[in-house]
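Here are two short exercises to work through with the model open beside you. Try each task yourself before reading its solution.

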Amino acid sequence: MSRKKIAAGNWKMHKTFQEGQGLAQEIRTMANTEVMNGATILIFPPYIHLQSLVRQMEGSDIGVGAQNIHDKEQGAYTGEVSASMLTSIGVRYTLVGHSERRQYYNETNESCAAKISIALKHGIIPVYCIGETLAERESQAHFKIVEQQLSALSGLSREQLANCIIAYEPVWAIGTGVTASAEQANEMHAHIRSVLSGMFDEASAEGISILYGGSVKPDNAKSLFSMPDIDGALIGGASLASRDFIDIAKSF
Ligand code: PEP
């Protein structure tokens, strides 16, 4: 997979089944009738929507992904969903390591590595989420933290890395209304590429899509997307309103 312009919507724990169908239909209609500037659109709804939204998006270029994946093939893991269950209904993407999962469900760089590995084994593209907290940025530890998070990719081959997407989401910018400036975000994206270049090679680092996430809105998307190392956005709150989400996707 080469570098793409991507607008990805993380619905988090929002939208009933009926509301989700309505939102997805609006997104599909807008993406189909408006000039999209080559953006790839992905949506990450809660599990209950996946099967119907995969069907609803058939015949469009809109991808549907899970917000989480279990790191084991199957077994006694009550409440969890496996990679083969996801592929059996046509899911081709999953978020891994979103900061809310790291914060509330104890996900670690090690568990993320296992999730990335099983996703790739089943042909699912992981969107690996990384980013520092406010305290880590204020203590100037942000580059080091992101480097440690990137270690979850260290067991991959170059071919496997090429099937991953990275989302840099500073925790202090998620759901807060505070966005990293385009320069701050690009600085970290460039750092991520330089770390990946050391771990793999320059071509791999240049080829991977790196999304920014954290209070992306229609009015700040253009300046973020104008930066050379920012390939798109992972969008939370603004992805719950079809007009805002599509306007962000049109900002490339
Ligand atoms: C997210 O949930 O990944 C996110 C970036 O949320 P928001 O856009 O609401 O900050």
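**Exercise 1: Two helices that cross**

The crossing of α1 and α12 is right-handed. Keep in mind that this is a predicted model.

Task: Find how the axes of α1 and α12 cross, and which residues of the two helices meet.

Solution:
- Step 1. Locate the helices: α1 covers residues 17-33, and α12 covers residues 242-249.
- Step 2. Look at the axes. They come within 9 Å and cross at roughly 35 degrees.
- Step 3. List the residues that meet. On the α1 side you will find Leu 23, Glu 26, Ile 27, Met 30 and Ala 31. Their partners in α12 are Ser 242, Arg 243, Phe 245 and Ile 246.
- Step 4. Sort this contact by class: six residues are nonpolar, one is polar and two are charged.

**Exercise 2: The ligand and its surroundings**

Task: Describe the residues around the ligand, then find polar atoms of the protein at 2.7 Å or 2.8 Å from a ligand oxygen.

Solution:
- Step 1. Begin with the shell. There are 14 residues around the ligand, and Lys 12, Glu 169, Gly 175, Ser 215 and Gly 237 come nearest.
- Step 2. Sort the shell by class: four residues are nonpolar, eight are polar and two are charged.
- Step 3. Check the side chain of Lys 12: one of its N or O atoms is 2.7 Å from an oxygen atom of the ligand.
- Step 4. Now turn to the backbone. A polar backbone atom of Gly 236 is 2.8 Å from a ligand oxygen. For Gly 237, a polar backbone atom is likewise 2.8 Å from an oxygen atom of the ligand.
- Step 5. Finish with the cover: on its own the ligand has 290 Å² of accessible area, and the protein covers 97% of that.

Note on methods. Residues numbered from 1 in each chain as written. Predicted model: local features only at pLDDT ≥ 70, side-chain atom pairs only at ≥ 80, totals over all residues. Heavy atoms only, no water. Near = heavy atom within 4 Å. Polar contact = N/O pair within 3.5 Å; in protein donor to acceptor, adjacent residues only side chain to side chain. Areas by Shrake-Rupley, 256 points an atom, 1.4 Å probe, with all protein chains shown as cover. Nonpolar A, V, L, I, M, F, W, Y, C, P; charged D, E, K, R; others polar. Axes fitted to C-alpha atoms, helices over the stretch in contact; angles between N-to-C directions. Helix = DSSP H or I, 4+ residues; strand = E, 2+ residues; numbered from the N terminus. Left-handed = near helix turned anticlockwise from the far one by under 90°. Contact = heavy atoms within 4.5 Å.
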